[in-house]
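Open the model in your viewer and show side chains as sticks. This tour goes from one aromatic ring to the next.

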Amino acid sequence: MTLLQNDPVTQLAFSVYENKGVFAVLLGSGLSRAAEIPTGWEITLDLVRRVALTQGAKEQDDWAEWYRNKTGQEPNYSALLEEIASSPDERRAILHRYIEPDEQDREEGRKVPTKAHHAIAQLVRSGHIRVIVTTNFDRLMENALREQGVEPTIVSSADALAGAEPLTHSRCYLLKLHGDYKDARILNTDQELSAYPECYDRLLDRIFDEHGLIICGWSGEWDHALRSAFLRAPNRRYPVYWAARGSLGAGATELAEHRGAKTISISDADEFFLSFQQRVETLEQSQRHNPLSIELLVSSAKRYLAKPEHRIQLDELFAQEFERLLTQFDDDQFSPQGPWGQDEFRARVQRYEVFTEPLARMAGVLGRWGDGSELPLILDILRGLYRQAESITSGSANWLSLRSYPAVLVFTAYGLGLTRSQRWNTLHAFLTDTWPRDYHEDNTLVSTLFLWLWEGGENDFWNQLEGFEKRKTPLSDHLLDVMSLWKSSFVGVSSEFELMFERFETLAALAFLEENSEDNLEQALANQSQRGLYMPVGRAGWHRSSSKALIHEFQLEGVIVALLDAGFAKSSRRYLELFVENFKRSVNKMSW
């Protein structure tokens, strides 16, 4: 007997953890059933009941048997729906009442995302799952994703596929094979489900060939076009796991044997996905510091910060963690010697993050709840990390550039804490602090550690991360992912963390732009065809909803007054107006 012989869920968790982003999830109606959204069979019987009652029939204990006796046929969802409603719009309207929650449904927790949906969304947020394929019409999956701060690329029609962000570029790709219940183009009938558009077939062929697969809630008996795509896929690359209650039916067994799928017997989808997600999270944590020790450090920082008489203990706490970090970075695993390699780059980035996490989260606490007196401490830490990084000058240029990445992480966490608490005065002083450098002209902090102004921040560098090959802002995107995992220590309850992150980046861009005079900025924007003055713009440059929201913010009187009082935009209303225009032009140039 082997260690994992009777534990396929742990085996799956190891596969997904070690092959981050490689596995796709295929979800069927069984997953939505737990949210009390009826399956196709239940909708069929309810339609039979409603039609029969309308025709004067009495209530029946078994409407399926009644239908057989009445028509001599088996109840058929597709046939019945096609008979009742001849057009796609009519069929959509009928389905709407079965899927859309009313006020009572919401109060009683029906027709809302289940534990399984939330667990999958957490796996997407952590980057372990990127592709979701579903036959469901409802919006439970996308709602769960958005609650986790993930905006998925949603494909629910051939038209949507044509204009969608490419699969390789998307943080989360949600393919709704049969459409969306609010769209009249949903696929319901046998005829509609017999074949997919050619573009769907090509996409499915690619997903089934290039990804491992986790199947749950799908019977494998119907959905003929999906079955065909499954049977077309070669049995190679990554494994298939099929989670099901009881044994698989004949149709599913055929598919499972074709792909050599490993079956997992489950009690329900909620229990399976929750257990699976927790095991992946445990594996993730096992590669980090003891989470209890990190939480203890963060809690200590909060406790010392709360009382001025504990200022000495607070300084000592940071000094001890700072010294521990420097000692770890002298280890051979961070040596700048040796050849460059993509796998080693990815591993080294993760190691830097693991070791820096405690100090960065503590810095975020100071940013969120400090009073400004902590700023010299943070600046000393950043200078110390940077000096240690530059103390070695020989070796691979890439590894040498990456040595100051811990300073970038601490810089970002503290800046986000300041942004969360809207401590604009301290944020501006932080970003524009003079940064003395040996053998170089003095610089500002933002010009040293922000995005590609940092010597290790080039896009070509961070495009090496898995799934980031063609990202426009790979470092910005990755920092968002990292800070999303650390934010609980210093952000608290925030439904708009992504927008907050992009607000910090945009203010950092403004602080950088202040190195230019108002006259220079005015002249650069005088020509409408020109881009304006160069400034580093992060995710908001292509994330339209965020850039629109931020532009609106910077035109609100309260925001304008607060930023100018803090020293942003040289305390000039006109300069801030010019910055907004400069930002708009950068957005127009960066948009996909």
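The stops below cover ring pairs, a ring cluster and two charges over rings.

Keep in mind that this is a predicted model. Start with the whole structure: a search of it finds 29 aromatic pairs.

**Stop 1: Trp218 and Phe230.** Select both rings. Their centres are 6.4 Å apart and their planes meet at 45°, so this pair counts as tilted. Now colour by secondary structure. Trp218 sits in the loop between strand S5 (212–216) and helix H13 (224–232), while Phe230 belongs to helix H13, so the pair ties together parts 12 residues apart in sequence. Turn on a surface: Trp218 and Phe230 are both buried.

**Stop 2: Arg259.** Stay on Phe230 and add Arg259. The charged end of Arg259 sits over the ring of Phe230, 5.8 Å from its centre.

**Stop 3: Phe345 and Phe461.** How far apart are the ring centres of Phe345 and Phe461? The distance is 4.8 Å, and with the planes at 50° the pair is tilted. Phe345 lies in helix H18 (residues 342–369) and Phe461 in helix H24 (residues 459–462), so this contact ties together parts that are 116 residues apart in sequence. Phe345 and Phe461 are buried.

**Stop 4: the cluster.** Keep Phe345 and Phe461 selected. Add Phe329, Phe334, Trp340, Tyr352, Phe355, Trp399, Tyr405, Trp454 and Trp462. Ring pairs link these residues, with Phe345 and Phe461, into a cluster.

**Stop 5: Phe468 and Arg471.** Finish here. Arg471 lies over the face of Phe468, at 4.1 Å from the ring centre.

How values were computed: Residues are numbered from 1 along each chain as its sequence is written. This is a predicted model: local features need pLDDT of at least 70, side-chain atom pairs count only at pLDDT 80 or more; totals for chains, interfaces and linings use all residues. Side-chain values use heavy atoms; hydrogens and water are left out. Rings of Phe, Tyr and Trp (its six-membered ring) pair if their centres lie within 6.5 Å; planes under 30 degrees apart count as stacked, over 60 as edge-to-face and the rest as tilted. Helices (H or I, at least four residues) and strands (E, at least two) are DSSP runs, numbered from the N terminus. Buried means under 20% relative accessible area, exposed over 50%, partly exposed in between (1.4 Å probe, protein chains only). A charge sits over a ring if NZ of Lys or CZ of Arg is within 6 Å of the ring centre and within 35 degrees of the ring normal.
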